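The following exercises concern a single protein chain. Each task is followed by a solution that proceeds step by step.

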Amino acid sequence: MNRSVYSLVLMDDVIRSVDEEAYRRWTSRSNLINQILAEHFSCQTPEMRMQEIFESVGSLVDSVFKVQQQRSSSLMTLRTALGYKYRPTINYKVELERSPHEHIGTLRMMIRTQSSNLIEMFNAFLIRRIRFESALLESRGVQSYSCKLTDGCFTRALLNSGLNENDTAEAISMYLNNLNDSIQAYFSGHEQFTAQIAALENKYKKMLDRYII
C-alpha cells in the first residue's frame, strides 16, 4: 500500500493526545493518525491487517503458547517451555511484512539456555527439521524456502501463498503448533520421538495440502 506525504494543521492539544496514544500503542504519530482515519473511512491499513492476523493467531495457540505484550504492529512474540530437565524457554517471534511479496514475513525460534548440550540438541533437531521441510516443499514445486540456523536460533522466511487474513493466521498457527509438538517430542527422548515423528510429519504434510507457508 503506497504512502504519500501531506501537511496537516492540527491543534496542539490534539497532537499531545495523539502522541500520548501513539506512545501507549508503541507506534508513531503518523501511523496512529493513519489508522484512526482508516478506521473512520473503513479502509484497511497494513497495521490493521497484521493486527487481525496476530489476534487470530493468539486465539488459536493460547492453550500452548504464552503470548507476550505486543510492542510493534508487525511483531508477535510467543513463549513456551520445553518439558525437559530445567524446562528451558523457547521463544517464537513472528514478524510480518507491511507489503508482502515473495514472503509474508519471518519466524524466529530461539532457545534460552546457557547449556551447550541443550543448544547442540536444539540445533540437531532443527537440522533434521530443515531437511524434512525443504525436501517436502521442493517436491511440491516450492523453490523459495529460506532459513538460517545459528547456535540456539532458527530463522525461517514464511512463504506468501496469497492467503487472506484468516487463512494466514490459521496457517501460521498450524505451523507453530506442529513445530512445537515436534521439538517437545524430540526432547522427550529417542523412543518417544521415534514413536511420534511419523504422525507429526504426516500432520505437516496435511497442512501443506491446505496451506503453503
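**Exercise 1: A nonpolar surface patch**

Task: State where Val14 lies, whether Val14 is buried or exposed, and which patch includes Val14.

Solution. Val14 belongs to helix α1, which covers residues 12–24; helices (H or I, at least four residues) and strands (E, at least two) are DSSP runs numbered from the N terminus. The model is predicted: local features need pLDDT of at least 70 and side-chain atom pairs count only at pLDDT 80 or more, while totals for chains, interfaces and linings use all residues. Residues are numbered from 1 along each chain as its sequence is written, and side-chain values use heavy atoms, with hydrogens and water left out.

Next, apply the accessibility classes: buried means under 20% relative accessible area, exposed over 50%, and partly exposed in between (1.4 Å probe, protein chains only). Val14 has a relative accessible area of 35% and is therefore partly exposed. Finally, Leu8, Leu10, Met11 and Val14 make a nonpolar surface patch of about 390 Å². Such a patch joins nonpolar side chains (Val, Leu, Ile, Met, Phe, Trp, Tyr) within 5 Å, taken from residues with over 30% relative accessible area and no salt bridge.

**Exercise 2: The overall fold**

Task: Give the order of the elements and the overall dimensions of the protein.

Solution. The protein has six helices and six strands. Read from the N terminus, their order is α-α-α-β-β-β-β-α-β-β-α-α. Along the principal axes, the C-alpha atoms fill a box of roughly 65 × 40 × 30 Å. Of the 213 residues, 39% count as buried.

**Exercise 3: Two packed helices**

Task: Describe how α4 and α5 pack, and which residue is 5.8 Å from Ala169.

Solution. Helix α4 (residues 116–139) and helix α5 (residues 165–187) pack with axes 11 Å apart, at an angle of about 130 degrees. Angles under 35 degrees count as roughly parallel, over 145 as roughly antiparallel, 65 to 115 as roughly perpendicular and the rest as oblique; α4 and α5 are therefore oblique to each other.

Ala169 is placed in helix α5 and, at 0% relative accessibility, counts as buried. Its C-alpha is 5.8 Å from that of Ser56, although 113 residues separate Ala169 and Ser56 in sequence.

**Exercise 4: Salt bridges**

Task: Locate the salt bridges of Arg128, Glu133 and Arg210.

Solution. A salt bridge is a side-chain nitrogen of Lys or Arg within 4 Å of a carboxyl oxygen of Asp or Glu. The count by this rule is nine.

Step one: Arg128 pairs with Glu201, with the closest N and O atoms 2.9 Å apart. Arg128 is in helix α4 and Glu201 in helix α6 (residues 190–210), so the pair ties together parts 73 residues apart in sequence. Arg128 is partly exposed at 37% relative accessibility.

Step two: Glu133 pairs with Arg129, with a closest N and O separation of 2.7 Å. Both lie in helix α4, four residues apart, about one turn of the helix. Glu133 is buried at 0%, and Arg129 is buried at 5%. Arg129, Glu133 and Arg156 are linked in a network of salt bridges.

Step three: Arg210 pairs with Glu170, the closest N and O atoms being 3.2 Å apart. This pair links distant parts of the chain, with Arg210 in helix α6 and Glu170 in helix α5, 40 residues apart.

Key. Patches are made of residues with over 30% relative accessible area and no salt bridge: like charges are joined within 9 Å, nonpolar side chains (Val, Leu, Ile, Met, Phe, Trp, Tyr) within 5 Å. Accessible areas come from the Shrake-Rupley method with a 1.4 Å probe; for residues, only the protein chains shown count as cover. Axes are lines fitted to C-alpha atoms, for helices over the stretch in contact, and angles run from 0 to 180 degrees between N-to-C directions.
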